[in-house]
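Trainee: I would like a close look at one part of this model. Then please set that part in the context of the rest.

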Amino acid sequence: MSFVDLLWKVFATGLVATVISLMLRLIENLLGSTALTRNVVYQDLVYLINLGLMVSFLIMTFTVWKRLILYQKSKWLLRIWAVFEAGLLLSLAYNSFKLPLIDWIFGTLLTIFIILGLILSGNLKWVAYLNFRQKWTSLLLLLLTIFYLLYIVYTNSSISEVIASASKNFTDYRIHIFILSLIVFVTVYSIFSFLVILFNLPTTSVFEQKLEEVVNFQRISQSIQTEQSEESVYNILLETSVSTVFADAGWLEITGDKPNVFAYRISDKEAHDIVNHLNAHHVRGVLDQGTDKTKNLSKHLASLKGSRYRSILAFPVYVKGANIGTLALLKELPDGFTKEMTKIVSTFANQAGISIENFRLMEEALQNERYKEELKIAKTVQKSLLPQVLEKDSDFEISAFSESADEVGGDYYDTLRINDHLVCLIIADVSGKGTTAAFHMSQMKGIFHSLAQRDIQPDEFMMQANQALIYCLERGSFISATFFMINTKERKIKYARAGHCPVLYYCSNKKSLEYFKDKGVALGMVRNKSYQNFIQTNEFDYKNGDVMVLYTDGITEAKDARNEEFGYERLSEVISEVTQTTPKEMQDHLIRRLYEFSGTENINDDYTTMIVKFK
Amino acid sequence: MISIKRLQEDGIDFIMVIGEIDASSSIELDLTIAKSVGEGYSKILIDCSALEYISSAGLGVFMSYIEECKDRNIQMVLFGMSDKVANTFSILGLNELLRIAKDKVQAKQMVNGL
């Protein structure tokens with residue numbers, strides 16, 4: 001229930017009581033000076049009705065005043081109120097039992113109650129929450145309430161005096177501390193409220209303005225959650241600033257990537273004139289955004305002819321410490337902006353900056369999320385390009401492993417059987433990382449599967465692959481690869497190495513590990529037919545127990561905490577420890593040692609190996 | 001991290017590459033060589049004696065200038081590589097495509113056609 005409604009309730013009760021009391025008076029007047037009106041019993045009846053009306057009105061008012069006083073309660077206020085209420089009840093009991101009346105107790109109690117009532121009457125905080133219109137209504141209601149109170153008290157007093165003079169046994173209500181205290185308290189609080197509201201009237205507009213500022217401030221802060229674009233934040237900033245300081249016009253100029261001017265009741269030309277005028281007079285510090293100080297530039301506008309504005313106030317808007325624009329407010333009055341206005345608009349500008357910053361951060365986060373999702377897809381695609389099952393043969397066994405870093409890499413290996421005694425292998429590494437690397441890797445897979453089918457010599461394979469890749473690889477990109485053809489009938493291997501890491505070979509006869517030394521330029525480096533001069537086919541025989549270790553540079557270039565590389569020597573050492581085991585065990589051993597060496601699970605390049613053991 | 005310095009001597013543009021060339025720093029190397037080529041130098045010597053590591057992206061930069069140097073008759077020679085860096089070049093076969101000298105003296109002789 002609003003404060004005005006509460007006052008209405010009091011007023012209505014007062015009105016009813018007064019009307020009934022007046023009707024009784026009217027009946028008495030109509031009857032005139034008859035025996036009935038002079039009868040003490042009749043007079044007493046009228047008196048009792050009036051007394052009842054008064055007490056109900058008082059109690060009604062008392063309960064409403066209680067609500068108003070306790071509107072913003074503190075612990076102390078509640079205690080005082082409890083004492084006051086309990087005291088009043090006790091005094092009611094005291095009078096009801098017809099205990100002998102002692103003057104000094106009566107006086108003291110009454111004084112205490114009046115003092116308590118006065119203290120409590122100081123609680124008028126609710127008045128501040130009334131707006132201008134409500135204040136006027138309240139004033140009227142209170143004035144009438146006071147009038148009713150006075151009238152009823154007067155009526156009761158006059159009747160009781162008449163009866164007292166006629167009958168000796170009459171007990172005047174005025175010996176009741178309860179009623180007296182109520183009358184005093186209710187009247188005093190009514191008068192206080194009336195006066196406070198009256199004197200608050202002139203400052204109401206200020207209070208309302210402050211409230212509006214708070215609401216505006218909230219609007220700017222919340223705009224980030226509700227608004228869909230930076231533009232609406234700018235619009236709200238301009239709107240609220242203009243309305244808060246009662247500016248006649250204003251504009252918000254946004255610089256940066258998307259320059260924009262939001263104008264309020266001012267044409268672009270006028271705004272430009274003012275900017276040019278200030279620039280021409282070398283007024284630095286506000287519109288040129290050279291400093292973060294906000295200045296009142298009123299005096300500089302005085303010299304601008306043809307403009308109706310005499311005051312200007314300008315603020316920079318900052319996002320992440322960078323100036324993104326200027327907010328300018330104009331007034332036709334000279335010296336139209338006060339210090340408070342400067343402060344509040346500066347707060348608005350700051351808050352708008354924060355909102356924009358949040359907005360941009362959110363956009364960025366979304367964008368990042370999208371990139372991550374794309375990268376995830378690329379990684380899945382890349383994984384799916386690697387073979388699920390490797391070729392098997394009674395002559396050899398193959399095991400392969402590939403683990404890519406967070407970024408998508410471009411390592412590729414594959415096997416393909418041409419006929420019952422010919423199997424092709426490939427291992428390749430695409431330069432660069434990310435989606436393009438995965439893309440080139442898929443091209444390499446296509447090339448491998450189409451060219452290897454044709455049963456061509458390895459150098460021919462590389463030449464054709466190079467020719468195909470020239471048109472796909474961008475400047476500076478290349479693919480290193482080694483292509484093998486295993487002939488199980490002749491127990492021979494032919495291979496061509498195009499810039500890929502040299503093959504590590506274990507010869508079971510000599511019990512030695514060595515890197516093959518041969519020549520070959522990576523694919524995509526020579527972009528014409530002369531590539532055939534840079535690639536060669538090599539051939540060797542394999543024997544039972546021989547091992548061929550293929551890998552990518554991610555393994556040899558893996559680094560430990562001291563920035564030392566895993567290197568070729570360490571690779572050969574690690575393999576030499578497990579030459580008699582199965583390819584899978586060799587591979588597991590190598591990977592375990594590699595992780596031990598780097599000391600972290602977070603690899604920064606792709607680790608790929610393919611180990612072939614011959615039987 | 002990388003630091004690239006340029007120095008002109010007897011009509012030869014010396015480019016000193018110090019540190020490691022990875023994917024991000026290779027852009028800087030690319031820009032430097034492009035600038036040198038753009039300024040019209042026909043003799044470019046690249047000092048790799050302080051080059052500690054080069055990634056495939058960095059190798060790609062050198063590779064991408066091979067054709068251009070041939071077309072515009074620019075002599076580009078790399079010199080002073082450590083064994084490790086030289087190995088990286090030779091695995092990819094770039095040693096066959098690029099002109100690589102042992103030291104500055106040899107490099108100068110190569111560009112001067114001696």
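Trainee: What span should the 47 residues of helix H12 (residues 339–385) of chain A have at 1.5 Å a residue, and how far apart are its end C-alpha atoms?

Mentor: Bear in mind that this is a predicted model. Start with the length. Helix H12 of chain A has 47 residues, and at 1.5 Å a residue it should span 69 Å. Its end C-alpha atoms are 69 Å apart, so the expected span and the model agree.

Next, burial. A residue counts as buried here if 20 or more other C-beta atoms lie within 10 Å of its own. In H12(A), the residues that pass include A:Met341, A:Ile344, A:Val345, A:Phe348 and A:Ala349. Further along come A:Gln351, A:Ala352, A:Gly353, A:Ser355, A:Ile356 and A:Phe359. A:Gln382 completes the buried set of H12(A). Keep the helical repeat in mind when you read that list. An α-helix has 3.6 residues a turn, so residues three or four places apart point the same way.

Now the chain around it. Chain A holds 17 helices and 15 strands. Of its 615 residues, 35% are buried. Take the contacts in chain A with a separation of 6 or more: 71% of them link residues 24 or more positions apart.

Some of the strands of chain A build a sheet. Its order is E6-E15-E14-E11-E12, five strands in an open, antiparallel arrangement. Strand E6 (396–403) and strand E12 (512–515) of chain A each have a single partner strand, so each has one side without a neighbour in the sheet. On average, neighbouring strands here are turned by 15° against each other, direction ignored. Helix H17 (residues 583–598) of chain A packs on this sheet. H17(A) touches E6(A) and strand E15 (607–614) of chain A, and its direction makes about 150° with that of E15(A). At the E12(A) edge, strand E11 (residues 504–507) of chain A runs antiparallel to E12(A), with four bridges between them. There, A:Tyr506 faces A:Leu513 of E12(A).

Cross to the partner chain. Contacts involve 18 residues on chain A and 13 on chain B. The chain A side of this contact comprises eight nonpolar, seven polar and three charged residues.

Chain B has an open sheet of its own, with five strands in the order E1-E2-E3-E4-E5 and mixed pairing. Strand E1 (2–9) and E5 of chain B form its edges, each pairing on one side only. The average turn between neighbouring strands of this sheet is 25°, direction ignored. Eight bridges hold E1(B) antiparallel to strand E2 (residues 12–21) of chain B. In that pairing, B:Ser3 has B:Ile18 of E2(B) as its bridge partner.

Follow the sheet to strand E4 (residues 75–79) of chain B. Four of the five residues of E4(B) are buried. Strand E3 (residues 43–54) of chain B lies parallel to E4(B), joined by five bridges. One of the partners is the pair B:Asp47 and B:Phe79, the latter in E4(B). E3(B), helix H2 (residues 56–71) of chain B and E4(B) together make a right-handed β-α-β unit. E4(B) also pairs in parallel with strand E5 (residues 99–101) of chain B, through three bridges. Opposite B:Val77 stands B:Arg99 of E5(B). One rule helps when you trace side chains here. In a regular strand they alternate between the two faces of the sheet.

Notes. Residues numbered from 1 in each chain as written. Chains lettered and ligands numbered in written order. Predicted model: local features only at pLDDT ≥ 70, side-chain atom pairs only at ≥ 80, totals over all residues. Helix = DSSP H or I, 4+ residues; strand = E, 2+ residues; numbered from the N terminus. Buried ≥ 20, exposed ≤ 12 C-beta atoms within 10 Å, placed from the backbone. Contact = placed C-beta atoms within 7 Å. Pairing = 2+ DSSP bridges. Right-handed = clockwise from strand over helix to strand, strands pointing away. Expected span 1.5 Å × (residues − 1). Nonpolar A, V, L, I, M, F, W, Y, C, P; charged D, E, K, R; others polar. Axes fitted to C-alpha atoms, helices over the stretch in contact; angles between N-to-C directions.
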